[in-house]
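Visitor: I would love a close look at the largest pocket of this structure. Could you walk me through what lines it, and then show me the surroundings?

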Amino acid sequence: MNTAQTTDQVRDDARTAAGWGLGLLLPMVFFCALVTLSGPRAGRCLTYGEDCSPVPGWLLYGSFWTSVVAGVAALVWPRARWTGARLGAVVVQWCAQLLLAGLILSYA
């Protein structure tokens, strides 16, 4: 098997994973927020200001923007350079995205 074909496949898989992550980011945030806001704890927090989650807002915004920046970096990364760093950007993107989902759902 030719190693050049294998390396190209890894690069294309990283680009595909980054694209899927960016495409699913906003729907994930929307549906996680929908699930969270439908719970009684969120209703009590919005209505009375009681029993709110202690998750800081900067952590939510930071994980969102980290996911966006890492995903865009993985998409525009040159194909011939530093494949490992590109794969690292995809891992950072997906970890930040899953952290964001967990933080949003922790309000429920």
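Guide: Happy to. The space in the largest pocket comes to about 340 Å³. Its lining is made up of 16 residues, and the closest to its centre are Ala-33, Thr-36, Leu-60, Ile-104 and Tyr-107. Please keep in mind throughout that this is a predicted model.

Who contributes to that lining? At least two residues each come from helix H1 (3–37), helix H2 (40–48), helix H3 (57–76) and helix H4 (83–105). Sorted by class, the lining holds 13 nonpolar residues, 2 polar ones and 1 charged one.

To place those helices, it helps to step back to the whole chain. There are 4 helices and 0 strands, and the order of elements from the N terminus on is α-α-α-α. The chain has 108 residues, of which 28% count as buried. Among contacts in the chain with a separation of 6 or more, 80% are between residues 24 or more positions apart.

Back at the pocket, Thr-36 deserves a pause, as one of the residues closest to the centre. Thr-36 belongs to helix H1. With a relative accessible area of 5%, Thr-36 is buried, because the cut-off for that class is under 20%. Its side chain reaches the backbone oxygen of Ile-104 at 2.9 Å. Ile-104 is itself listed among the residues closest to the pocket centre, so this polar link joins two members of that list.

Let us follow helix H3 next, beginning with Gly-57, which lies in that helix. Gly-57 is partly exposed, its relative accessible area being 34%. From C-alpha to C-alpha, Gly-57 and Leu-103 are 9.9 Å apart in space, while 46 residues separate them in sequence.

Further along helix H3 we find Ser-67. Is Ser-67 buried or exposed? Its relative accessibility is 0%, so Ser-67 counts as buried. The side chains of Ser-67 and Gln-97 are joined by a polar contact of 3.5 Å. Setting aside residues up to four places away in sequence, Ser-67 touches Leu-22, Leu-25, Gln-93, Ala-96 and Gln-97. Gln-97 therefore appears twice in the surroundings of this buried serine, as a polar partner and in the list of touching residues.

Now for the aromatic rings. How many aromatic pairs does a search of the whole structure find? The search finds 2. In the pair of Phe-30 and Phe-31, the ring centres are 5.2 Å apart and the planes stand at 75°, so the pair is edge-to-face. Phe-30 counts as exposed, with a relative accessibility of 52%. The other pair, Phe-64 and Trp-65, is edge-to-face as well, at 5.2 Å centre to centre and with 85° between the planes.

One more stop lies in the loop between H2 and H3, where both Glu-50 and Asp-51 are found. Glu-50 has a relative accessibility of 43% and so counts as partly exposed. Leaving out neighbours within four places in sequence, Glu-50 is in contact with Arg-44 and Cys-45. Asp-51 also counts as partly exposed, at 44% relative accessibility. The backbone of Asp-51 is worth a glance too: its phi is positive, about 60°, although Asp-51 is not a glycine. For background, most residues other than glycine have a negative phi.

To return to where you started: the pocket takes lining residues from helices H1, H2, H3 and H4, and its lining has 13 nonpolar residues. When you look at the display, you might begin with Thr-36 and the backbone oxygen of Ile-104 at 2.9 Å from its side chain, then move to Ser-67 and Gln-97 with their polar contact of 3.5 Å.

Notes: Residues are numbered from 1 along each chain as its sequence is written. This is a predicted model: local features need pLDDT of at least 70, side-chain atom pairs count only at pLDDT 80 or more; totals for chains, interfaces and linings use all residues. Side-chain values use heavy atoms; hydrogens and water are left out. On a 1 Å grid over the protein atoms alone, a cavity is a set of points where a 1.4 Å probe fits but cannot get out, and a pocket is an open set with protein on both sides within 12 Å along at least five of seven lines; lining residues have an atom within 4 Å of a point. Grid points are joined across faces, edges and corners, and a volume is the space filled by probe spheres set on the points. Ala, Val, Leu, Ile, Met, Phe, Trp, Tyr, Cys and Pro count as nonpolar, Asp, Glu, Lys and Arg as charged, and the others, Gly among them, as polar. Buried means under 20% relative accessible area, exposed over 50%, partly exposed in between (1.4 Å probe, protein chains only). A polar contact is a pair of N or O atoms within 3.5 Å; within protein, one must be able to donate a hydrogen and the other to accept it, and residues adjacent in sequence count only if both atoms are side-chain atoms. Contact means heavy atoms within 4.5 Å. Rings of Phe, Tyr and Trp (its six-membered ring) pair if their centres lie within 6.5 Å; planes under 30 degrees apart count as stacked, over 60 as edge-to-face and the rest as tilted.
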